Amino acid sequence: MAKSYDVVVVGAGVFGAWIAHWLRRAGRSVALVDAYGAGNSRSSSGGESRVLRMGYGADEIYTRWAARSRELWTELFDRVNRPELFRETGALWTSAPRDRRTADTIAAFDKCGVRFEFLIDSELRLRYPHIQFSSERTAMYEPDAGVLLARRSVQAVVEDAIRNGVDYLADAVSPPEAGAVKTQSGETLQAADFVFACGPWLPKLFPAVLQGLIRPTRQEVFFFGVPAGNRCFAPPRMPVWLDFGDERRPYTLPDFESRGFKLAFDRYGPEFDPDTGDRLARGADEAKAFIAERFPALAGAPVLESRVCQYENSISGDFLIDRHPQFGGIWFAGGGSGHGFKHGPAVGEYMARVLQGSIQAEPRFTLEAHLAAGARRVH
Ligand SMILES: Cc1cc2nc3c(=O)[nH]c(=O)nc-3n(C[C@H](O)[C@H](O)[C@H](O)COP(=O)(O)OP(=O)(O)OC[C@H]3O[C@@H](n4cnc5c(N)ncnc54)[C@H](O)[C@@H]3O)c2cc1C
């Protein structure tokens, strides 16, 4: 006996969870299906934490979406009594003087009403004596930025969606045929629209369309042990720190819940299979050397934990949200490209409106734009 819904959303990562939330809010009957569970350890939305920052250089659409998403995340967390899932730490962006991206970000902030402070060399060193700055001489500080506790945030969205009437199924879905999808346990799901929000799995499910347009890469993160009693690496003294001027593209997150000071490099690793890839980190030596170079008080600090996750990169770094070119009623929502987590609420809102026909598709998210895309430009 087939189950029938208005919309079936496949994938309960941050994109699918928020898409289901918004569709249900719009009065649709919705099933949300996930093969491994919301925020599972294989998914791109798994793990402890993600940065929520508004700075995107000249890519103003992401500044607006991040600001909108921040509003929606905090609204949800207040409503479900989980305010601890967003930590407002601020974000510090350091760069060399006359950096183009900083100038573009400031212009976008002015236009979108995002608060920021511009810091010169002497202020930077006075405020953050525990960071060893290298080529940077200026910085921008976003006070409203912070950290989302990732896995728990996705689970909170899904729990709320279920309370609001979304039907959640723990099952794997095969690519659709003739207006229906089959699950691994043998159920048939029927719907007018199917949204595949399967992150790094999208090219496996739809190889003919998405192979080469979304490329999963292996990414490592490390948590370093802070010396006993040292509060320099926790909020409020340590914000999120990003240095995209450094070619290693390092960023750090402060020590929360005494879990450790987190470091990762935002550059693409090797290709990765989200189902079968092993998740033992290999880059601890480089991470330790970087920590010793930029945070002298942490030289020799032990790695307490490491994680291997995967980015699901589109060619340009733009999201890919569009309908299947051949099959009506089949949609893709993915291409988070290492920066998508924060935008979950805005992605969900956008997808629901596109499905309702109440807004036009954003050209840069379309398959057509992705087929024509050059190198990564969104970070
Ligand atoms: C190391 C790392 C650091 C990052 N840092 C940041 C950051 O600081 N800030 C930020 O905003 N973003 C960040 N990102 C990016 C962000 O986490 C991702 O863009 C986002 O989580 C992608 O979510 P998603 O819902 O598209 O995919 P996923 O979270 O992968 O969800 C896809 C879901 O689909 C399910 N699924 C797959 N196939 C099937 C099937 N056949 N049937 C049923 N279910 C299926 C999977 O189980 C999974 O749960 C980072 C990513 C990584 C890996």
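In this predicted model, strand 14 (residues 250–253) and strand 15 (residues 261–265) run antiparallel and are joined by four bridges. One residue pair in this ladder is P250 with F265, the latter lying in strand 15.

Both strands belong to an open sheet of eight strands, whose order is 6-7-5-13-14-15-12-16 and whose pairing is mixed. The edges are taken by strand 6 (117–120) and strand 16; each has a single partner strand, so one side of each is left without a neighbour in the sheet. On average, and with direction ignored, neighbouring strands of this sheet are turned by 20° against each other.

Two helices can be placed against these strands. Helix 3 (residues 100–112) lies across strand 5 (91–95), strand 6 and strand 7 (138–142), and runs at about 30° to strand 7. Helix 8 (residues 284–294) lies across strand 12 (214–224), strand 13 (240–242), strand 14, strand 15 and strand 16. The angle between helix 8 and strand 15 is about 115°.

There is also an open sheet of three strands, in the order 3-8-4, with antiparallel pairing. Strand 3 and strand 4 (86–87) are its edge strands, each pairing on one side only. Strand 3 pairs with strand 8 (residues 146–149) over four bridges in the antiparallel sense, and within this pairing L52 has G146 of strand 8 as its bridge partner. Helix 5 (residues 150–163) packs on this sheet and touches strand 3 and strand 8, its direction making about 60° with that of strand 8.

Next comes the ligand. It is surrounded by 37 residues, of which the closest are D34, S45, V51, C309 and K342. By class, the shell consists of 19 nonpolar, 13 polar and five charged residues.

Several side chains place polar atoms by ligand oxygen atoms. For S45, the distance from an N or O atom of the side chain to a ligand oxygen atom is 2.5 Å. A polar side-chain atom of E312 lies 2.9 Å from an oxygen atom of the ligand, and for N40 the corresponding distance from a side-chain N or O atom is 3.1 Å. Taken alone, the ligand exposes 1000 Å², and the protein buries 97% of that.

Which elements give two or more residues to the shell around the ligand? They are helix 1 (14–25), strand 2 (30–34), strand 3 (49–52) and strand 16 (303–314). Strand 16 supplies the largest share, four residues. The shell thus draws on strand 3 and strand 16, edge strands of the three-stranded sheet and of the eight-stranded sheet, respectively.

Conventions: Residues numbered from 1 in each chain as written. Predicted model: local features only at pLDDT ≥ 70, side-chain atom pairs only at ≥ 80, totals over all residues. Heavy atoms only, no water. Near = heavy atom within 4 Å. Polar contact = N/O pair within 3.5 Å; in protein donor to acceptor, adjacent residues only side chain to side chain. Areas by Shrake-Rupley, 256 points an atom, 1.4 Å probe, with all protein chains shown as cover. Nonpolar A, V, L, I, M, F, W, Y, C, P; charged D, E, K, R; others polar. Pairing = 2+ DSSP bridges. Contact = heavy atoms within 4.5 Å. Axes fitted to C-alpha atoms, helices over the stretch in contact; angles between N-to-C directions.
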